[in-house]
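Reader: I'd like to go through this one with you and ask where the labels come from. Could you put it up first?

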Amino acid sequence: MKKLINDPENVVREELSGIARAHGDLVEVHIDPHYIVRKDAPVQGKVALVSGGGSGHEPMHGGFVGMGMLDAACPGEVFTSPTPDQMEAATKAVDGGAGVVHIVKNYTGDVMNFKLAAELADDEGIKVESVLTNDDVAVEDSLYTAGRRGVGITVLAEKIAGAKADAGGSLDEVAGIARKVNENGRSFGVAFTSAWTPSSPTPTFEIGADEMEFGVGIHGEPGRRREKVKPAAEIVADMTEAILGDLDAPSGSNVLAFVNGLGGTPTIELYVIYNELAKLLEAAGIAATRSLVGDYITSLEMAGASITLLKLDDELTELWDAPVHTPALRWGR
């Protein structure tokens, strides 16, 4: 596998140096332990948001640090959970006296390490609320999880909870809105190729040239089944059926429709997917009143895509529309 890197052992450190050079107006990067904070952190009197996870999913999470979203992100090694000392340091760095919300994807290492970091922060007098995302309807358990995986809804929760925090929400209110997003969102992904981590001599999994993994996880975890590649309309129909079969979104509902690329899928194909999704939603009497299309939670160079639907109400819509200014997501300013 050809990769534009120097040394696999240094790829995360060198990526962080690149982020610091490219986005020094928005974020500040710390090394050993690794974490990224918004340039004006800590913001006194504001609830802070911290998230994190293995590298290789960029722009999640470091690309979402900034006004209206995360106060800090903790990048682990590629596909490896960050450590408690990273999370504790980030939590302390952004605490403005109003408490900190941890947004945690449901992967065993993330859950365990964020829990320990929250306990360490509590010992120092910082109140922490943890919110777990577990929106993937593909499988109940995987190689990395007990229960459903946390995937696309994580980005939406970070944006919406970040807006609530910037609007002056309390610790309970910010954590509550993040939980509301998770409860009202569902996701499903498919992959045509595997990711290939920088230090590995082989791809994460083997798949035939005419096959796809239906329900794949963002680390290459297996899904519901392995099957032959079909036209986009059929694939999207199956994905949408799986999501709507689990999400309480009756006719007349409004949703945010999020089509996410996994790193190796051309944007032209993501819009083909969105077109098929929009037609299916219209047929079901569901209005996609907000949309997001692009690579926001990747799996290195994996070819594939995920769909996330978030059922909206007036509160969630207003918070989604609120200004945001981060390296990877920005509008309204």
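Reader: At what angle do helix 6 and helix 7 pack, and how far apart are their axes?

Author: This is a predicted model, where local features need pLDDT of at least 70, side-chain atom pairs count only at pLDDT 80 or more, and totals for chains, interfaces and linings use all residues. Residues are numbered from 1 along each chain as its sequence is written, and side-chain values use heavy atoms, with hydrogens and water left out. Now, helix 6 (residues 232-244) and helix 7 (residues 267-283) pack at about 55°, and their axes are 9 Å apart. Helices here are DSSP runs (H or I, at least four residues; strands are E, at least two), numbered from the N terminus. The axes are lines fitted to C-alpha atoms, for helices over the stretch in contact, with angles from 0 to 180 degrees between N-to-C directions.

Reader: Why are helix 6 and helix 7 called oblique?

Author: Under 35 degrees counts as roughly parallel, over 145 as roughly antiparallel, 65 to 115 as roughly perpendicular, and the rest as oblique. The angle of helix 6 and helix 7 is about 55°, so the pair is oblique. Their crossing is right-handed (near helix turned clockwise from the far one by less than a right angle; anticlockwise would be left-handed).

Reader: What makes up the contact of helix 6 with helix 7, by class?

Author: Ala232, Ala233, Val236, Ala237, Thr240 and Leu244 in helix 6 meet Val272, Ile273, Glu276, Leu277, Leu280 and Leu281 in helix 7 (contact means heavy atoms within 4.5 Å). That's ten nonpolar, one polar and one charged. Ala, Val, Leu, Ile, Met, Phe, Trp, Tyr, Cys and Pro count as nonpolar, Asp, Glu, Lys and Arg as charged, and the others, Gly among them, as polar.

Reader: Which word fits helix 5 and helix 8, oblique or roughly perpendicular?

Author: Helix 5 (residues 171-183) and helix 8 (residues 314-321) pack at about 105°, with axes 12 Å apart, so they are roughly perpendicular to each other. Ile177, Lys180 and Val181 in helix 5 meet Glu315, Leu316 and Leu319 in helix 8. By class, that contact has four nonpolar, no polar and two charged residues.

Reader: And what about helix 2 and helix 3: how do their axes cross?

Author: The axes of helix 2 (residues 84-94) and helix 3 (residues 108-123) come within 8 Å and cross at roughly 45°, so this pair is oblique. The crossing is right-handed.

Reader: How do you know how many cavities of 30 Å³ or more there are?

Author: On a 1 Å grid over the protein atoms alone, a cavity is a set of points where a 1.4 Å probe fits but cannot get out, and lining residues have an atom within 4 Å of a point. By that rule there is one cavity of 30 Å³ or more. The largest cavity has a volume of about 80 Å³ (the space filled by probe spheres set on the points, which are joined across faces, edges and corners). Val151, Gly189, Ile218, Leu262 and Ser306 are the closest to its centre among the 13 lining residues. Strand 7 (residues 185-191) gives the largest share of the lining, three residues.

Reader: What makes the peptide bonds before Pro33 and Pro42 stand out?

Author: Both are cis: omega is about 5° for Asp32 and Pro33, and about -5° for Ala41 and Pro42. Pro33 lies in the loop between strand 1 (27-30) and strand 2 (35-38), while Pro42 is in the loop between strand 2 and strand 3 (48-55).

Conventions:
1 Å grid on protein atoms, 1.4 Å probe; cavity = no way out; pocket = protein on both sides within 12 Å on 5 of 7 lines; lining within 4 Å.
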